[in-house]
Amino acid sequence: MSTPYDWLDRALASIHKANWYRSTQTVSSKAATTAIVDGREMLMFASNNYLGLAGDRRLIDAAIAATEIYGTGATGSRLVSGHLALHGQLETAIADLKNTEAALVFSSGYLANLGTIAAIAGARDLILGDEYNHSCLKKGSLLSGATAIDYRHLDLTDLTAKLQENRAKYRRCLIITDSVFSMDGDLASLREIMDLAQTHDCMVLVDEAHGTGVFGDRGGGLTQALGIQQDLIQVGTLSKALGSLGGYVAGSAKLIDYLRNRAATWIYTTALSPADTGAAIAAIEIIRTEPQLRDRLWQNVEFFKQGLQNLGIQAIADDSPILAIEVGDIPQTLQVAANLRKNGIFAPAIRPPTVPTPRIRITLMASHTQAQIQFLLQCLQAV
Ligand SMILES: *Cc1c(COP(=O)(O)O)cnc(C)c1O
């Protein structure tokens with residue numbers, strides 16, 4: 001007997017055949033530099049917990065305190081019953097961190113990008129995006145109904161050519177880019193992009209998911225580190241360096257006011273939980289007042305880069321705490337990841353369709369010790 005779901009078997013078989021099949025590994029410990037993964041203690045080199053805040057006592061206490069005051073759920077969407085005083089505090093803290101007039105928190109970074117892009121661009125508009133942009137920037141462009149064209153990764157000449165060729169045919173134009181590319185760890189040329197946007201009358205949306213808390217003297221992101229003053233739309237997440245869950249948009253008061261009225265992924269979803277909100281407020285306070293955490297993270301990046309250099313290993317880029325190392329085709333990369341795992345190191349193979357070329361992706365944290373990084377280097381050499 002055939003059923004309407006038989007196609008699932010065929011679809012899964014073709015995922016396996018392409019070597020694209022992925023599955024979860026179960027973590028059963030608190031976020032730290034070591035983790036119990038599938039029952040075994042491993043050194044964690046795959047976490048976005050850049051500053052170690054996800055396991056920080058102060059965030060845990062803030063989450064508990066917020067839960068005690070407000071309960072476990074926000075109980076409704078922001079425009080109905082779910083707008084808590086705590087959300088206002090968090091939005092003020094984000095705007096202050098980012099040095100913008102206002103900010104708006106969403107339930108995730110993914111939703112922040114989907115909702116914002118779909119709200120600010122439409123069928124008569126053009127979106128130009130870096131080809132390696134995160135999935136949510138690409139899906140947001142699709143959802144908007146705008147004409148979305150990719151330019152070659154970090155290639156300003158290609159972006160310029162595409163602006164010259166297409167800009168005049170559309171009403172509004174939006175340039176979108178990750179600030180720190182999540183799978184390669186390289187950085188967008190934001191200053192040059194801002195200049196191009198000015199010349200061609202374009203809006204700019206920068207996704208600071210991996211920049212916030214990591215770059216900038218106050219932890220405001222790559223935009224802050226580069227001293228960019230022009231008006232732009234900054235999107236990011238509370239779930240990486242900030243150790244919580246949720247997303248945000250920071251920008252002009254006008255933009256935020258408009259999004260509160262037009263961003264469907266903000267309007268029609270339940271507000272962020274009190275625990276996540278409280279933890280994020282505590283994280284921003286730490287990020288602003290403890291630059292030594294960021295210093296320690298960058299010292300670890302330097303130490304690891306030096307070690308890689310001594311081994312003659314070249315990362316795709318070495319400008320951020322994300323260091324990706326190409327070691328061959330998909331089966332070879334999976335083998336290296338498996339060998340690292342045997343040595344107790346959690347550093348996964350990232351492969352198509354997530355990225356065009358397979359690689360081992362290593363992320364460093366402020367809380368890693370030099371001994372832990374040294375051990376990683378030894379294992380990399382051995383495998
Ligand atoms: C992780 C990530 C997101 C999504 O953020 P979540 O809060 O996890 O949904 C968006 N953009 C980039 C570049 C990311 O790396």
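Student: Hey, where do Arg 260 and Asp 257 lie?
Tutor: You'll find both in helix 10, which covers residues 253-262. They sit three residues apart, about one turn of the helix. Keep in mind that this is a predicted model.

Student: Okay, and what do Arg 260 and Asp 257 form?
Tutor: They form a salt bridge, with 3.7 Å between the closest N and O atoms.

Student: Are those two buried or partly exposed?
Tutor: Arg 260 is partly exposed at 29% relative accessibility, and Asp 257 is partly exposed as well, at 42%.

Student: New topic! How many salt bridges does the count come to?
Tutor: The count comes to 14 salt bridges.

Student: Cool, which residue does Lys 138 meet in a salt bridge?
Tutor: Its side chain meets that of Asp 150, at 3.2 Å from N to O. Lys 138 belongs to helix 6 (residues 135-144) and Asp 150 to strand 5 (residues 147-151), so this pair ties together parts that are 12 residues apart in sequence.

Student: And how accessible are Lys 138 and Asp 150?
Tutor: Lys 138 has a relative accessible area of 31%, so it is partly exposed. Asp 150 is partly exposed too, at 39%.

Student: What about Arg 152, which residue forms a salt bridge with it?
Tutor: That's Asp 155, and the closest N and O atoms are 3.3 Å apart. Arg 152 itself is partly exposed, with a relative accessible area of 48%.

Student: Last one: which residues are linked in a network of salt bridges?
Tutor: Asp 56, Arg 58 and Glu 290 are linked that way.

Terms used. Residues numbered from 1 in each chain as written. Predicted model: local features only at pLDDT ≥ 70, side-chain atom pairs only at ≥ 80, totals over all residues. Heavy atoms only, no water. Salt bridge = Lys/Arg side-chain N within 4 Å of Asp/Glu carboxyl O. Helix = DSSP H or I, 4+ residues; strand = E, 2+ residues; numbered from the N terminus. Buried < 20%, exposed > 50% of the residue type's maximum accessible area, 1.4 Å probe, protein only.
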